[in-house]
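This report sets out the pockets, the nonpolar cores and some local backbone features of one protein chain. The sequence and the structure are shown first.

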Amino acid sequence: MNRYLALQKIIEMGSFTRAAKALGYTQSSISQMMASLESELSIKLLNRSRIGVELTIEGAELYPFIERTILQYRAMQEKANEIKGLETGIIRVGTISSITCHWMPHLIKGFQEIYPKVQFLFHQGDYSSIQEWIKTGAVDFGFVSPYAVTDLDTVSIKDGEMMAVLPESHPLAGQAVVGLEELTGEPFILLEEGLYSEPLAAFQSAGLTADIKYTIHDDYAIMTMVEAGLGISILAELVLRRTNYNIVCIPIDPPVYRTIGVAYKDKNSLPIASKYFIEYLTANRERLP
C-alpha cells in the first residue's frame, strides 16, 4: 500500500523529489518503490522528463483502480479506528461554492468541537461532477440538488429562495418583485451546474425560454458580469449574502427555489467520520442559513 500512496503523491506533485520530501522518504527509496511496483505489475507506470513526471498510457488506464484501492484502504483504516473507539478520520466531501462559503465553516467548527481530530477534504464542483465523484469514490458524499442525481441515496437538507440579479441601472431594478416572464427578454448569464439547473427548470415549467448569452461556473464571476451590465441572472439567495457588488437582488414571481441535499452511494458503507458528519448536519439543519 505504501507504494500506491507514493505513486499517488508523485502524480499529485509531479515530481519524485517533492513526493519523497512530502512523505518523508529519500528520493532513491521512492524510485525503488516505483521500480518494484512496475516490476510486480509488469507495466511501466511513469514517464520522467525535464518538465516533470506523468503517467504512461498504460499507467493512466490502471491508475483509477489504484486510486480506488487507496480509498478502500483508508475506509478500512477508519473502520478499524471505529472498532478501537477512536474518533479520527478524513471527511471527503463534494460541495458547491455557496455551501462551501456559508454552511461549511459553521458546520466544521461545531463538528470539530466534538471530534477535533477529524480532517476535511473538499472537492468543489457542480451537480454533475459531484455525483460522478460520489459514484467513483473520490468523495464520500456531496451537496447536490436531489433532482440532479440518479442512482444515489439523497437526504434533503434545506430549501432556499433564488433571486433575480440585475445591474443597479436596470429598468427593473426598482421593482419589489420581478415576474419570471420579464426576465426572458434579457441577456441571461447562466450558472453552470451540470445537467440540471433550477432557473432553467423554472423557465421550462412556466413555458418560457431564457435568452442565454453566457454560461459560467462561478457565482461571483456572474455577479461581476451583471455589475458590468452584460446581462442578468438568477442566483441562490444564500450566495448573494455578504457581497459588495453594485447589483440589485429581487424576489421572483412565481418564486424559484433551490433544494440542497446530501447524496451518497450507501449509508452503511460510508466511512464512520462522514456518517457522523451527515448525522450532525441533519440534526442542525434548522440552524443553517
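By class, the lining of the second largest pocket comprises six nonpolar, four polar and five charged residues. The structure is a predicted model, and the second largest pocket holds about 320 Å³ of space in it. Its lining counts 15 residues, and those nearest its centre are Gln72, Gly137, Asp140, Lys265 and Ser269. Helices H4 and H7 each contribute at least two residues to this lining; the greatest contribution, four residues, is from H4.

The largest pocket has a volume of about 530 Å³. Gln8, Glu67, Leu71, Arg74 and Leu121 are the closest to its centre among the 22 residues that line it. At least two lining residues come from each of helix H1 (2–13), helix H4 (57–83), strand S3 (90–95), strand S4 (119–124) and helix H7 (127–136). Here too the leading contributor is H4, with six residues. The lining of the largest pocket divides into eleven nonpolar, five polar and six charged residues.

The table sets out the two pockets.

| Pocket | Volume | Lining residues | Nonpolar / polar / charged residues | Residues from H4 |
|---|---|---|---|---|
| Largest | about 530 Å³ | 22 residues | eleven / five / six residues | six residues |
| Second largest | about 320 Å³ | 15 residues | six / four / five residues | four residues |

**Overall architecture**

The protein has 289 residues, of which 45% count as buried. Its secondary structure amounts to ten helices and 13 strands. Taken along the principal axes, the C-alpha atoms fill a box of roughly 70 × 45 × 35 Å. About 14800 Å² of the protein is exposed, and carbon and sulfur atoms supply 50% of that area. Among contacts between residues at least 6 apart in sequence, 70% join residues at least 24 apart.

**Nonpolar cores**

In soluble globular proteins, nonpolar side chains tend to be buried together. Which residues of the largest nonpolar core touch the most other members? They are Trp103, Met104, Phe141 and Phe143, in a core of 35 residues. S3, helix H6 (104–114), H7, strand S5 (141–144), strand S13 (256–264) and H10 each supply at least two residues of this core. H10 gives the most to this core, with five residues.

Leaving aside residues up to four places away in sequence, Phe141 touches Ile91, Arg92, Val93, Gly94, Ile134, Val262, Ala263, Tyr264, Ser274, Phe277 and Ile278. Apart from the largest core lies another of 18 residues, among them Val178, Ala202, Ala236 and Val256.

**Lys275**

Is Lys275 in helix H10 buried or exposed? Lys275 counts as buried because its relative accessible area of 17% falls under the 20% cut-off. The residue is located in H10, which spans residues 272–283. Not counting residues up to four places away in sequence, Lys275 touches Lys267, Asn268 and Leu270.

**Loops and backbone features**

Ser42 has a positive phi of about 55 degrees, although it is not a glycine. Ser42 sits in the loop between helix H3 (27–41) and strand S1 (46–49). With 64% relative accessibility, Ser42 counts as exposed, since the cut-off for that class is over 50%.

Asp151, likewise a residue other than glycine, has a positive phi, near 60 degrees. The loop between S5 and strand S6 (153–167) contains Asp151. The relative accessibility of Asp151 is 72%, and Asp151 therefore counts as exposed.

Pro251 belongs to the loop between strand S11 (247–250) and S12. At 28% relative accessibility, Pro251 is classed as partly exposed. Pro251 lies 9.4 Å from Gln175, C-alpha to C-alpha, and the two are 76 residues apart in sequence. Not counting residues up to four places away in sequence, Pro251 touches Glu161, Met163, Ala176, Val177 and Val178. Of these contacts of Pro251, Val178 is also one of the members of the core of 18 residues.

Where is the loop that holds Pro254? It runs between strand S12 (252–253) and S13. The peptide bond from Asp253 to Pro254 is cis, with omega near 0 degrees.

Definitions and conventions:
Residues are numbered from 1 along each chain as its sequence is written. This is a predicted model: local features need pLDDT of at least 70, side-chain atom pairs count only at pLDDT 80 or more; totals for chains, interfaces and linings use all residues. Side-chain values use heavy atoms; hydrogens and water are left out. On a 1 Å grid over the protein atoms alone, a cavity is a set of points where a 1.4 Å probe fits but cannot get out, and a pocket is an open set with protein on both sides within 12 Å along at least five of seven lines; lining residues have an atom within 4 Å of a point. Grid points are joined across faces, edges and corners, and a volume is the space filled by probe spheres set on the points. Ala, Val, Leu, Ile, Met, Phe, Trp, Tyr, Cys and Pro count as nonpolar, Asp, Glu, Lys and Arg as charged, and the others, Gly among them, as polar. Buried means under 20% relative accessible area, exposed over 50%, partly exposed in between (1.4 Å probe, protein chains only). Contact means heavy atoms within 4.5 Å. Accessible areas come from the Shrake-Rupley method with a 1.4 Å probe; for residues, only the protein chains shown count as cover. A nonpolar core is a set of buried Ala, Val, Leu, Ile, Met, Phe, Trp, Tyr and Cys residues joined through side-chain atoms within 4.5 Å.
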